[in-house]
Structure formats: C-alpha cells, structure tokens
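Grab a coffee and open your viewer: here are some exercises to work through with the coordinates loaded. Try each task yourself before reading the solution.

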Amino acid sequence: MSTNASAMYADLSLTLSEAGEGRPVLVLHGGGGPATVAGLARHLSRTAHTITPVHPGWDGTDRPAGLTGIDDLALAYLRLLRERRLRDVLVVGSSLGGWTAAEMAARDTTGSVTGLVLIDAVGVRVETEPITDFFALDARGVAEHSWHDPDRYYLGPAGIPDEELARRGANMATMRLLAGDPYMHDPTLLSRLGQVQVPALLLWGESDRIVTPAYGAAYADAFGRGRLEVIPKAGHLPQIEQPDATFALIDEYLRQTNSPLRQR
C-alpha cells in the first residue's frame, strides 16, 4: 500500500492510501476517520484499485479555509477523478462518507462515477426519521446508538490515551464545521437524487439508531436505481460489526454491475 499527497488546488493536498489493481474504487470514511473503513479497503483491494483519502482536517491533515462543507469535499474528489483520468469509478462511503459519495454522483458531469455503495449514510432529511444529534451524546450514548452490541465496543474516556482523545476531538471539530449546520444533511439533496441513474446499493445495520433503516429506505427510494439491504446484528458501522455480510453484499454488487469499461 502506498501513501501520497496529491495536489488538488493551490491550498489543498489530499492524503491518499492506494492498493490493488482493477476497477477504481474510491473509499470514503465517516466521522470516525479512515480507520473505520480500513478493513473494507483491504478487502476491496483484492480485486480492485482502492483509493482511500483522509478527508482534509481529519487525523491532523490540513483543511483549507475555503473547504467548509460536504459539497466542497465532493467537488474536490470529483476533481481528483478528472485529474487522474479515472473512469468507471465505484464510490463507497460510510456515514458522512456516504453523504459525500451521494453528492459526488449528483454533481458528476463527466460520467466518471458509475456505481455507488452507501453504508448507513447521512446527508438527507427524512421528515419522519430525524438524524440523531451525535454531538449531544456522551460516550455511552454514542455506543448505544452506533452498535448492535454496544458493550463489546464501548470504551469510556478514562480508558483512552490523551493523544487519541485529542485526535477524536479534532476530528469531531472538523465534522461539526463541515456538517453541523444544517445538521448532517443538505436540504436539497434528497430531491436531487432522482437524477442519479447509476446503480446505488445502500447497506444498513438493522440496529443503527443514528440513522434508522427506515431513513435508509427513504434514501434508497430517492435514487433512480437505488436498493436497500439491511444487515442483521449490525449498527452504524456494519463493515466493522458484520464484515463478512457487508463484504459479501458489496462483492455481489460488483459482480452484477461489472462493466467492460475499465481504466487502463
């Protein structure tokens, strides 16, 4: 696996991890940082060329002053695809990364993005299924809302090293800046998804209490070609809690959407 910084704009460099060969797959992490999709990226790299950025401002990376919203992030990644002349790109996004992926597909004017996998994504407003205010939860509340088995994954602040607490705090500050107002959604996105005609697979943990499976169903219905799959015994991060089931659904999606168009 290689890591590099790819200059995008005069004041923006992206830190990228890349591995594997084949169809380009852009893997976008959520608020928890790149570690939350590391296992997913490793799995996909067995059969694809995975590109896994660290969102600017996460894990100590620089965030230009002008990058203030998820739309900015989506446009930066679309520019990455154009500058590297990547085609037939599958974008896989978890949580906030799923929102970014949806924005990319809605704003893609060159046809670079040909597939979407959104994993417990935020980003839209569903009147009957409000997004839980993550910032209002304490550590125990985060565990209860995020995991099917919270006791397995809960770790109180007293058990976390100061350096890790600082990293998490800085990541949360960046997430609040990019996605805090309006909270975790773009009011216009749901109505724009009907124009997205690439096949969109939405994977949802049945026990997610940040964004519920009913929220996921409304999200999937908004796409021109959206489909929802609910993963048992999983919460907001099924790629961690139920990796085998999650990976199997993505692998099947890749087989079904295999295209003769490949990046050379």
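**Exercise 1: an unusual backbone spot**

In which loop does D88 lie? Find the loop, then check the backbone and the burial of the residue.

*Solution.* Bear in mind throughout that you're looking at a predicted model.
- Step 1: D88 sits in the loop between α2 and β5 (89–94).
- Step 2: read off its phi, which is near 55 degrees, a positive value in a residue other than glycine.
- Step 3: put that in context. Most residues other than glycine have a negative phi.
- Step 4: check burial. The relative accessible area of D88 is 2%, and the cut-off for buried is under 20%, so D88 is buried.

**Exercise 2: another positive phi, and a cis bond**

Work out where D120 is found and whether it is buried or exposed. Then locate the cis peptide bond that joins D181 and P182.

*Solution.*
- Step 1: D120 belongs to the loop between β6 (113–119) and α4.
- Step 2: its phi is near 45 degrees, again a positive value in a residue other than glycine.
- Step 3: D120 has 0% relative accessibility, so it counts as buried.
- Step 4: now go to D181 and P182, where omega is about -5 degrees and the peptide bond is cis. Most peptide bonds are trans.
- Step 5: place P182 in the fold: it lies in the loop between α6 (162–179) and α7 (189–192).

**Exercise 3: a covered helix and its neighbour**

Describe helix α3 (residues 96–107) by its span and its burial, then describe how helix α2 (residues 70–83) packs against α3.

*Solution.*
- Step 1: span. With 12 residues, α3 reaches 17 Å from its first C-alpha to its last, close to the 16 Å expected at 1.5 Å a residue.
- Step 2: burial. Of the 12 residues in α3, 11 are buried, which leaves the helix mostly covered. Among the buried ones are L96, W99, E103 and M104.
- Step 3: pick your descriptors. Two packed helices are described by the angle between their axes and the distance between the axes.
- Step 4: apply them. The axes of α2 and α3 come within 8 Å and cross at roughly 65 degrees. The crossing is right-handed.
- Step 5: list who makes the contact. From α2 it's I70, D71, L73, A74, L75, Y77, L78 and L81, and from α3 it's L96, W99, T100, E103, M104 and R107.
- Step 6: sort the contact residues by type, and you get 10 nonpolar, one polar and three charged.

**Exercise 4: the surroundings of two aromatic side chains**

For H145 and W204, give the element, the burial and the residues touched, leaving out those up to four places away in sequence.

*Solution.*
- Step 1: H145 has its place in helix α4 (residues 139–146).
- Step 2: H145 comes out at 14% relative accessibility, so it counts as buried. Other buried residues of α4 are G141, A143 and S146, and what covers the buried set includes α5 (150–153).
- Step 3: H145 touches T132, L137, S207, D208, R209 and I210.
- Step 4: move on to W204, which is in strand β7 (residues 200–205).
- Step 5: at 0% relative accessibility, W204 counts as buried.
- Step 6: the contacts of W204 include D120, A121, V211, Y215, L228 and I231. So D120, the loop residue from Exercise 2, turns up again here as a partner of W204.

**Exercise 5: zoom out**

How many helices and strands does the protein have? Follow up by judging how compact the protein is.

*Solution.*
- Step 1: count the elements: 10 helices and eight strands.
- Step 2: compare the radius of gyration with the globule rule. The protein has 17 Å, close to the 18 Å that the rule gives for 264 residues, so it is as compact as a globular protein of that length.
- Step 3: box it. Along the principal axes, the C-alpha atoms fill roughly 50 × 40 × 35 Å.
- Step 4: check burial overall: 52% of the 264 residues count as buried.
- Step 5: look at contact range. Among contacts with a separation of 6 or more, 76% come from residues 24 or more positions apart.

How values were computed
Residues are numbered from 1 along each chain as its sequence is written. This is a predicted model: local features need pLDDT of at least 70, side-chain atom pairs count only at pLDDT 80 or more; totals for chains, interfaces and linings use all residues. Side-chain values use heavy atoms; hydrogens and water are left out. Helices (H or I, at least four residues) and strands (E, at least two) are DSSP runs, numbered from the N terminus. The expected span of a helix is 1.5 Å times one less than its number of residues. Buried means under 20% relative accessible area, exposed over 50%, partly exposed in between (1.4 Å probe, protein chains only). Axes are lines fitted to C-alpha atoms, for helices over the stretch in contact, and angles run from 0 to 180 degrees between N-to-C directions. A crossing is left-handed if the near helix is turned anticlockwise from the far one by less than a right angle, and right-handed if clockwise. Contact means heavy atoms within 4.5 Å. Ala, Val, Leu, Ile, Met, Phe, Trp, Tyr, Cys and Pro count as nonpolar, Asp, Glu, Lys and Arg as charged, and the others, Gly among them, as polar. The radius of gyration is taken over C-alpha atoms; the globule rule is 2.2 Å times the number of residues to the power 0.38.
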